[in-house]
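Biologist: Could you walk me through this model? I'd like to learn how to read the surroundings of a ligand.

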Amino acid sequence: MTTDYTITVEPLGREVTCREDQTILDACLRAGVWVPHSCTHGTCATCKAEVLEGDVDHGAASPYALMDFERDEGKTLLCVCTPRSDVVIEADIDVDDSIEVHPVQDFTGTVVAMDDVARDTRRLLIELDRDLAFNAGQYMALSIPGHPGVTRTYSMANIPTEPRILEFQIRRTEKGLATDGWIFKDLAVGDSIELSGPYGRFVLRTDRSEPAVLIAGGTGLAPIASMIRHALENGIDGVGHLTLYQGARTREWMYDVDRFTALAEQYPDRFTYRPCLSEEEAEGFSTGMVTDVLNADHETLKGHVGYVCGPPAMVEASLKTLMLKRLFPRDIYKEEFLDASASATQIRSPLIKR
Ligand SMILES: Cc1cc2nc3c(=O)[nH]c(=O)nc-3n(C[C@H](O)[C@H](O)[C@H](O)COP(=O)(O)OP(=O)(O)OC[C@H]3O[C@@H](n4cnc5c(N)ncnc54)[C@H](O)[C@@H]3O)c2cc1C
Ligand code: FES
């Protein structure tokens, strides 16, 4: 029998019940109490909080995301820590009433389509057992068969008005447990998948009317595709003009060009598409890294907002460029696709606070 503890979340003053074998983040999100998080695996430090009262087990926190002196100071990572008593925590919660909070739930899905859309890149369509309420840009945690309790996170590329069939765009990672060992190996149409969500706060800000630059590297396109399609196809008028900078090395890594070209033709006043190839020249594509092309396009980005998603190195380079172009951190939203290798290295950049 497991013991239940009460977690008090400050400064909200909300109380949630948490099992001794459940992470505090999981208990909060399932109760509809939003606390900051991103990787959900003890790597990114986004969920760092202070334990004001009580005891926790720090779990598999990366020593780089939670340093020894921080443990001594009473800090913890909510995504991997479990309670050992009733606990009071203080999290860095910025309440944003423009974002709807959808409690995390468990779902069962069935793979209804699986296509290779670019080199080492697979599109999965998963039909859920019931509708999922989520914000454009959020992600799900997929359970890896044969590895109880082990999950990997993937962002929805579909839009909130398509709540039953989720689209995922997944890049193969060499020797990766979920990708090389399952999704690109023996996963097949008709297979059943356990997943939970929605997670994350890299979402389309429907109250930001400034023009937006959206920078996507590799499958970092997925959440950004959801945001763009949601704004355009669901007529979210509060959002300003959107420009997508989609980056890939060569044409064989690039996907969904026709989809965004068609959107740019359909919504010329609302959306501009800039596909960029860094290692190949090809008609219809800008040549260079997304950051080079962005640099050349804009003298300044003052008065814009930025959205960035992709591998950590690309996210960091993009943040530098956006800041040099006069964007403040408060005007930049980002999601890093951190993987397990990040837990073993100190890859955090001072630019990336959370
Ligand atoms: C919020 C979020 C959203 C994401 N959305 C997407 C998405 O939409 N599409 C997408 O393609 N990806 C996405 N990702 C990345 C995804 O979650 C996985 O990290 C990625 O698919 C790799 O998973 P894997 O199990 O195949 O590899 P892993 O098994 O996690 O391994 C990754 C790499 O780390 C190495 N490694 C494993 N363990 C260790 C260790 N202990 N020390 C050092 N190295 C190690 C492996 O050899 C491998 O090279 C997202 C990530 C985050 C955080
Ligand atoms: S969400 Fe907890 S460390 Fe990343």
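Modeller: Sure. Let's start with vocabulary: helices (H or I, at least four residues) and strands (E, at least two) are DSSP runs, numbered from the N terminus. This is a predicted model, where local features need pLDDT of at least 70, side-chain atom pairs count only at pLDDT 80 or more, and totals for chains, interfaces and linings use all residues. Residues are numbered from 1 along each chain as its sequence is written, chains are lettered from A and ligands numbered from 1 in the order in which they are written, and side-chain values use heavy atoms, with hydrogens and water left out.

Biologist: Which strand gives the most to the shell around ligand 1?

Modeller: That's β11, with four residues. β11 (151–155), β12 (165–171) and β19 (332–336) each bring at least two residues to the shell.

Biologist: And how many residues surround ligand 1?

Modeller: A residue is near a molecule if one of its heavy atoms lies within 4 Å of it. Here 25 residues surround ligand 1, and the closest are R152, T153, Y154, A178 and T179.

Biologist: What classes of residue does the shell have?

Modeller: Ala, Val, Leu, Ile, Met, Phe, Trp, Tyr, Cys and Pro count as nonpolar, Asp, Glu, Lys and Arg as charged, and the others, Gly among them, as polar. The shell around ligand 1 has ten nonpolar, nine polar and six charged residues.

Biologist: Which domains do they come from?

Modeller: Domain bounds come from an automatic or database domain assignment. Domain 2 (105–199) and domain 3 (212–344) each give at least three residues to the shell.

Biologist: How do I read polar contacts?

Modeller: Look for a pair of N or O atoms within 3.5 Å. The side chain of R152 has an N or O atom 2.6 Å from an oxygen atom of ligand 1. For T179, a side-chain N or O atom is also 2.6 Å from a ligand 1 oxygen, and a polar side-chain atom of T219 lies 2.9 Å from an oxygen of ligand 1.

Biologist: How much of ligand 1 does the protein cover?

Modeller: Accessible areas come from the Shrake-Rupley method with a 1.4 Å probe. On its own ligand 1 has 980 Å² of accessible area, and the protein covers 79% of that.

Biologist: Any odd backbone spots?

Modeller: Try the prolines. The peptide bond from E10 to P11 is cis, with omega near 10 degrees, and P11 is in the loop between β1 (4–10) and β2 (14–19). The bond from G197 to P198 is cis too, with omega near 5 degrees; P198 lies in strand β13 (residues 192–199).

Conventions: Polar contact = N/O pair within 3.5 Å; in protein donor to acceptor, adjacent residues only side chain to side chain.
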